[in-house]
Amino acid sequence: MLLTDAGLDGTGATGCRGSGPGLELPAATRAEPQPLRLGPLGAGIPPAAQPPVGQLPLAGSRLCLYEDGTELTESYFRTLPPQTELVLLGPGESWRGCASDIERLLAAFCSQQGAVVEAARRLLTDERAPHRQKLLADLIHNLSENILAEDKEDDKKWFEGLESRFKNKSSYLRHSCESRMRGYMREVSGFISNVHPAAQDAYRGIIDLMADKLKSVKYNGCYFDRREEEEAARLCTAEGWFSCQGPFDRDDCPCKHSINPYSNRESRILFSTWNLDHIIEKKRAVVPELAEAVKKGDGKEVNWEYFYQLLFTLDNLKLVHIACHKKTNHNLSCDKTRIYRNRKKTYEIS
């Protein structure tokens, strides 16, 4: 067989295609593995010039299958069907099949982002297959970002469609989180019509306490603010990356969803479809339990701070991609031991 360069980019392992016994390899390997192709034996080469079967150009080098990295023996090599892709590895080199190609692609994203975007745009211009169009469009979208820009003058497109009062990205994302919390507060307040008339004043008093608490922490807007100095107080990285925390009944996201709404306008809009999901459900469990606790208090003090934690804090909230937001009944209830405050015991001294 004759081994010829396939003209790939030089960042992966040496590849080749097999089609029969005998192997001629390049006289020298490269600094990094490089894919090559293997053609028919003896094409234009006198038989006397053909090398011994299985001859490799460097001591310690070896061949493996391109698709999964399986290393080849000479006997295995002879059984390969025509056009099998192979990889030539030098000492210390490894190949993990398609995973290595993905690693090379990811490396190109980081080191040659502009060139990758431009190349993808050229390919998209002539592409007609819907699936490939989608892949190229998503690639361009994910790489055409200005993550580090914070102020409006540095990324004006990001602010298109927003009120002029927002001057930087973090202020808008903080406002977005605050709006969600205000919405939860309105739901709690609106439930008062379902509370027993005799308990409505007590319920209203708890609402006031919760509202004051929310105002004091600025409606927990820090959850979406990448500038928040306390790392544990925000749901994103310092660059603004958010990761889905998975459905209410799982510890993580099975799909590894992630998004950076700070990166571009489309991601900002898509982030609005992510949910802050109440693990113990707000409408089915928490608010009705609060109303019931007020009604049946019989002189006991309702532990409103416990309900506040369930409604407005990460103690009971998970950030989830819309596909991980299960709207079925969670079948979870409040902790009965925390609904009322424990009364302090008093002792009479005789």
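Q: Which residues touch the most other members of the largest nonpolar core?
A: This is a predicted model, in which local features need pLDDT of at least 70 and side-chain atom pairs count only at pLDDT 80 or more, while totals for chains, interfaces and linings use all residues. Residues are numbered from 1 along each chain as its sequence is written, and side-chain values use heavy atoms, without hydrogens and water. A nonpolar core is a set of buried (under 20% relative accessible area, 1.4 Å probe, protein chains only) Ala, Val, Leu, Ile, Met, Phe, Trp, Tyr and Cys residues joined through side-chain atoms within 4.5 Å. Among the 58 residues of the largest core, those touching the most other members are Met 181, Tyr 203, Met 210, Phe 224, Phe 307 and Phe 312.

Q: Which elements give two or more residues to this core?
A: Helices (H or I, at least four residues) and strands (E, at least two) are DSSP runs, numbered from the N terminus. Contributions of two or more residues come from H5 (169-190), H6 (200-216), H8 (282-295), H9 (304-312) and strand E9 (317-320).

Q: Why is H6 oblique to H8?
A: Axes are lines fitted to C-alpha atoms, for helices over the stretch in contact (heavy atoms within 4.5 Å), with angles from 0 to 180 degrees between N-to-C directions. The axes of H6 and H8 come within 9 Å and cross at roughly 125°. Angles under 35 degrees count as roughly parallel, over 145 as roughly antiparallel, 65 to 115 as roughly perpendicular and the rest as oblique; the crossing angle therefore makes H6 oblique to H8.

Notes
Buried means under 20% relative accessible area, exposed over 50%, partly exposed in between (1.4 Å probe, protein chains only).
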